[in-house]
Each structure stands twice: as C-alpha cells, then as structure tokens.
Amino acid sequence: MPLLPRSTGRRCNESADGGDSRRRLKEHTALTAAAAALAVLAVGTPVAYATLDSGSPTASRSAPSGIAARGKAYIETRLFFGTERPDGGPDVTDQQFLAFVDEEVTPRFPRGLTIQDGRGQWRDSHGAIERERSYELTLLYPATEARLRDEQIERIRNAYENAYAQDSVARLEERTTADF
C-alpha cells in the first residue's frame, strides 16, 4: 500500500479531500474493468455466433439467429415481357397481355400469380438500346414441382415470343421459403 508523504500527517487510507479521491479511483477502476469486458464481448461475440452456426450458408440467410424458420421450400420465377415488336408491328396492349395471361399462364398456374407494370431497357440483336413498357410476371411454386413447372414456363415464354414477334422473354429464378 503506498504511503503518503509525512507532511500531510494522515494515514494512507485518508485523503485531504475527505475520501473523494479514493472513491474516484474506485470508480475509475470499475469503469476501466467494464470497458475491458465490453471490448472482449464485442470481439468475441461474432466468433461465438460463427462457431454456433449450423454451417449451412442458407441457414444464416433464411432466418436471423434465434428466430424459427417459417415456410416451405419454394421457387420464385420472374418473367419479363417486352411490349414493343422488333418487326415494327404495334406494341402489345394491356388487353392483349391480359388475354395472353388468361390463355397461357393461368391454366398452368391456377393458384395465383403477380403482374407488375414496368419500364425496361435492353440491347437488341442488332446492338441498339431499346426502351419499352414491359410486364413482370411473378410465379411462386413448391420446389418439389420444379421439373414440371420448368417445362410449363418454357411453353409460356415460347408462346409469347411467337405471338408477339419477341426476341426473348427474360427468366429469373430464386430459391426461397414461403408461408401462406
């Protein structure tokens, strides 16, 4: 225990300010210890969570830690339909597109679908940038039906390309989970 200079005439556990400096020293020590503990936790927490992870890359994406995963495995397919005709014919109208959906899409996907209006841009087969009004069609179906649905989706794409002289219908797919 450190000794105070003899000139103060006080014992080592006393101070000239009535104990305030000793209390401040205790508070400082406690704050330093708390800061050190927080630093250790901040560094160690990501390592702990990484160690406890199931090792599946999809497990961390599907639900945050501590939250039960909901739903079943589904596939989301989005199709992008342009409305301008490269052959110079009139643009596909809303009525024509909705009739196409009724005839070609709904019989294959009667459980439901989503249609969104859009504006698209792409480079055509001649290298020119084309901008056009478009439709985005979203289909959601169980992953167990992927093989069957693939064939149906390709028929839809081919039917639209042939009916409206389109170079292509873009297709985008993602695996996901869904709960209804």
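Of the 180 residues of the chain, 22% count as buried, that is, under 20% relative accessible area. Over 50% is called exposed and the range in between partly exposed, with a 1.4 Å probe and protein chains only. The model is predicted: local features need pLDDT of at least 70, side-chain atom pairs count only at pLDDT 80 or more, and totals for chains, interfaces and linings use all residues. Residues are numbered from 1 along each chain as its sequence is written, and side-chain values use heavy atoms, with hydrogens and water left out.

**Fold and sheet**

The chain has 4 helices and 4 strands, arranged from the N terminus as α-α-β-α-β-β-α-β. Helices (H or I, at least four residues) and strands (E, at least two) are DSSP runs, numbered from the N terminus. Contacts, meaning heavy atoms within 4.5 Å, are counted here at a sequence separation of 6 or more, and 66% of them join residues 24 or more positions apart.

The strands form an open sheet of 4 in the order β2-β3-β1-β4, with antiparallel pairing. β2 (114-123) and β4 stand at the edges with a single partner strand each, so one side of each has no neighbour in the sheet. From one strand to the next the twist averages 30°. Strands of a sheet pair through backbone hydrogen bonds, either parallel or antiparallel. Two strands are taken as paired if DSSP finds at least two bridges between them.

Strand β1 (residues 72-82) is joined to β4 by 9 bridges in the antiparallel sense, and 9 bridges also pair β1 with β3 (residues 129-142), again antiparallel. Individual partners along β1 are listed below.

| Residue in pair | Partner | Partner strand |
|---|---|---|
| E76 | E174 | β4 |
| R78 | T138 | β3 |
| F81 | Y135 | β3 |

Two helices lie across the sheet. α3 (94-105) crosses β1, β2 and β3, running at about 30° to β3. α4 (146-163) crosses β1, β3 and β4, running at about 5° to β1. Axes are lines fitted to C-alpha atoms, for helices over the stretch in contact, and angles run from 0 to 180 degrees between N-to-C directions.

**Core and aromatic residues**

The largest nonpolar core has 20 residues, and those with the most contacts inside it are L79, F81, F100, V105, L139 and Y160. Such a core is a set of buried Ala, Val, Leu, Ile, Met, Phe, Trp, Tyr and Cys residues joined through side-chain atoms within 4.5 Å. β1, α3, β3 and α4 each supply at least two residues of this core.

F81 touches F97, F100, R133, S134, Y135, L137, I156, Y160 and V169, leaving aside residues up to four places away in sequence. The structure holds 11 aromatic pairs. Rings of Phe, Tyr and Trp (its six-membered ring) pair if their centres lie within 6.5 Å; planes under 30 degrees apart count as stacked, over 60 as edge-to-face and the rest as tilted. The ring centres of F81 and F97 are 5.2 Å apart and the planes stand at 65°, so the pair is edge-to-face. This pair links distant parts of the chain, with F81 in strand β1 and F97 in helix α3, 16 residues apart. Both F81 and F97 are buried. Ring pairs further link F81, F97, F100, Y135, Y160 and Y164 into a cluster.

**T77 in strand β1**

T77 is found in β1 and is buried, with a relative accessible area of 0%. Residues up to four places away in sequence aside, T77 touches L137, T138, L139, Y141, I153, R171, L172 and E173. The side chains of T77 and Y141 are joined by a polar contact of 2.7 Å. A polar contact is a pair of N or O atoms within 3.5 Å; within protein, one must be able to donate a hydrogen and the other to accept it, and residues adjacent in sequence count only if both atoms are side-chain atoms. T77 and L140 are 63 residues apart in sequence and 6.4 Å apart in space, C-alpha to C-alpha.

**Two loop residues**

R85 is found in the loop between β1 and α3. A polar atom of the R85 side chain lies 2.8 Å from the backbone oxygen of P90. Not counting residues up to four places away in sequence, R85 touches P90, D91, V92, Q96, Y164 and Q166.

A165 lies in the loop between α4 and β4 (170-178). A165 has a positive phi of about 50° although it is not a glycine. Its relative accessibility is 28%, so A165 counts as partly exposed.
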